Amino acid sequence: MSDFAELNLEGKSYKLPIIVGTEEEKAIDISSLRAETGYVTLDSGYKNTGATTSAITFLDGEKGILSYRGYPIEQLAEKSNFIEVAYLLIYGSLPTADELDQFNNRIKRHTLVNEDMRKILDGFPSAAHPMGILSALVSSLTAFYPESVNPNQTTDEVDRTIVRLLAKLSTIAAWSYRNSVGHPVIYPKNRLDYCSNFLNMMFAFPTEEYQINPVVVDALNKLLILHADHEQNCSTSTVRLVGSANASLYSSVSAGISALWGPLHGGANQAVIEMLEQIKADGGDSKKFIAKAKDKNDPFRLMGFGHRVYKNFDPRAKIIKKTADDVLGALGIKDPILGIAKELEEAALTDQYFIDRKLYPNVDFYSGIIYRAIGIPTNMFTVMFALGRLPGWIAQWKEMREQKEPIGRPRQIYVGATERNYVPINER
Ligand code: SDX
């Protein structure tokens, strides 16, 4: 295969280097295109544009492959736990037993948040969406740790900021829920593991301990692992772009949380349950809603279906679907919307519209059914996605900084008015 692509423009020929990744992905390097030709490329939604090289996550949309630092997602979901996967994503290798112990202990030391954060939390109306609270409180961490704003932090100082954020996000997430239901906050219990501690902060009452159910803890570990990273998706690209301006990790992740909130992205898990509830309330006729999803004049979309990259099954959706069956079975829950979801999936997968467009269930299609079964309210689903995606955002921000990438600043093609003179208001 040639080392370069040839571009013929206005009678001149240009050679553009070809980049090949470790998994044989190929790219044409256009970093010198404008300087050499005066042309830029145009690619709305960056569907064909690589923003960076990365060693963190690999996914193959055609084959339904997803791996973190080379480890297949199926093995990590089955055998690992969320904190170990966070370590792998952020530091690049699986930790030894001692390294994992130390990492866990460092996180436990930072789970408390400054009491003044409760004053900010109390300022939110109880109707505030937890994602808005999460983004605001993560950004407020720059006020409690102003040194984090320094772009020239030492490696140790950056690492402390990373551990603080990993530790505090679960506390902030649980407290944003408690605020939304008007309940007193529950403080972290550091004798508990990460997932158990989160569940306790979500559901315990001052008067009684929350009964930790290993089935629920295992399901939560799996869900967080499956959401932990996904290469250059919308929210991760946001974190990298904001971070490329030398903004702090807290500010960059706060921006990522806002991007994830969009219903076309992480907000889809909430939208899926709302859609399934709508179908149930309407009589449960999945075929009627499949027809609506296909009707170009109908704004209805089959939420939780389709993906920019996966043009085959989303490997995460397969694991989550099985986990949903396992958890509901173990908890003895019969949730009618699981049945509706499976009917929708079967109907869509045999429908030419979905087949032609390669639309399959994505990570968001079944995850909400599990969150619901363990008692997490719908408006907290995207917060759960953010909790899972945090290690990925951190790893990608850290990699971008270590690669000393330039500030992100895409070009454009101007299509507005050409030069014209100002007209005084009385002559318009
Ligand atoms: C996530 O990027 C990531 O990795 C994201 C994520 C991660 O881990 O970070 O995987 C998480 O965001 C998952 C996606 C969650 N979003 C949803 O479930 C919302 C519903 N799905 C979509 O809106 C859509 O599929 C996207 C946004 C996910 C992808 O959009 P694309 O790649 O821009 O595709 P498109 O909108 O151009 O759709 C292509 C065609 C169109 O039809 P035509 O114009 O060609 O006739 O497919 C149709 C679309 O109308 N289509 C759908 C559909 N999704 C796409 N039709 C009905 N229902 C849908 N869900």
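These numbered points go through the domain layout, the strands and one helix of the structure.

1. The model is a predicted one, and the points below should be read with that in mind. The domain assignment of the chain gives two segments, domain 1 covering 4-50 and domain 2 covering 72-407. Taken over C-alpha atoms, the centres of domain 1 and domain 2 are separated by 35 Å.

2. An open sheet is built from three strands in the order E1-E2-E3, and the pairing in this sheet is antiparallel. Strand E1 (4-9) and strand E3 (26-28) are the edge strands, and because each has a single partner strand, one side of each is left without a neighbour in the sheet. On average, and with direction ignored, neighbouring strands of this sheet are turned by 30° against each other.

3. Within that sheet, E1 pairs with strand E2 (residues 12-20) in the antiparallel sense, and the pairing runs over six bridges. As a point of register for anyone checking the alignment of these strands, Glu 6 stands opposite Lys 15 in E2.

4. Strand E4 (residues 57-60) and strand E5 (residues 65-68) form an antiparallel pair with four bridges, in which Asp 60 stands opposite Ile 65 in E5. The hairpin of E4 and E5 has four residues between the strands, and there Gly 64 takes a positive phi near 65°.

5. E5 also pairs with strand E6 (residues 71-72), again in the antiparallel sense, here over two bridges, and Ser 67 is found opposite Pro 72 in E6. With two residues between its strands, the hairpin of E5 and E6 is one in which Arg 69 takes a positive phi near 50°.

6. Helix H9 (residues 214-226) passes a simple check of its length: at 1.5 Å a residue its 13 residues should span 18 Å, and because the end C-alpha atoms are 18 Å apart, the expected and the computed values agree. At the N-terminal end of H9, Asn 213 acts as a cap, with a side-chain oxygen that lies 2.8 Å from the backbone nitrogen of Val 215.

7. How many of the 13 residues of H9 are buried? Ten of them are, which leaves the helix mostly covered. The buried residues of H9 include Val 216, Val 217, Ala 219, Leu 220, Leu 223, Leu 224, Ile 225 and Leu 226, and also Asn 221 and Lys 222. As background to reading such a list, an α-helix has 3.6 residues a turn, so residues three or four places apart point the same way.

How values were computed:
Residues are numbered from 1 along each chain as its sequence is written. This is a predicted model: local features need pLDDT of at least 70, side-chain atom pairs count only at pLDDT 80 or more; totals for chains, interfaces and linings use all residues. Side-chain values use heavy atoms; hydrogens and water are left out. The expected span of a helix is 1.5 Å times one less than its number of residues. Buried means under 20% relative accessible area, exposed over 50%, partly exposed in between (1.4 Å probe, protein chains only). A polar contact is a pair of N or O atoms within 3.5 Å; within protein, one must be able to donate a hydrogen and the other to accept it, and residues adjacent in sequence count only if both atoms are side-chain atoms. Two strands pair if DSSP finds at least two bridges between them. Domain bounds come from an automatic or database domain assignment. Axes are lines fitted to C-alpha atoms, for helices over the stretch in contact, and angles run from 0 to 180 degrees between N-to-C directions.
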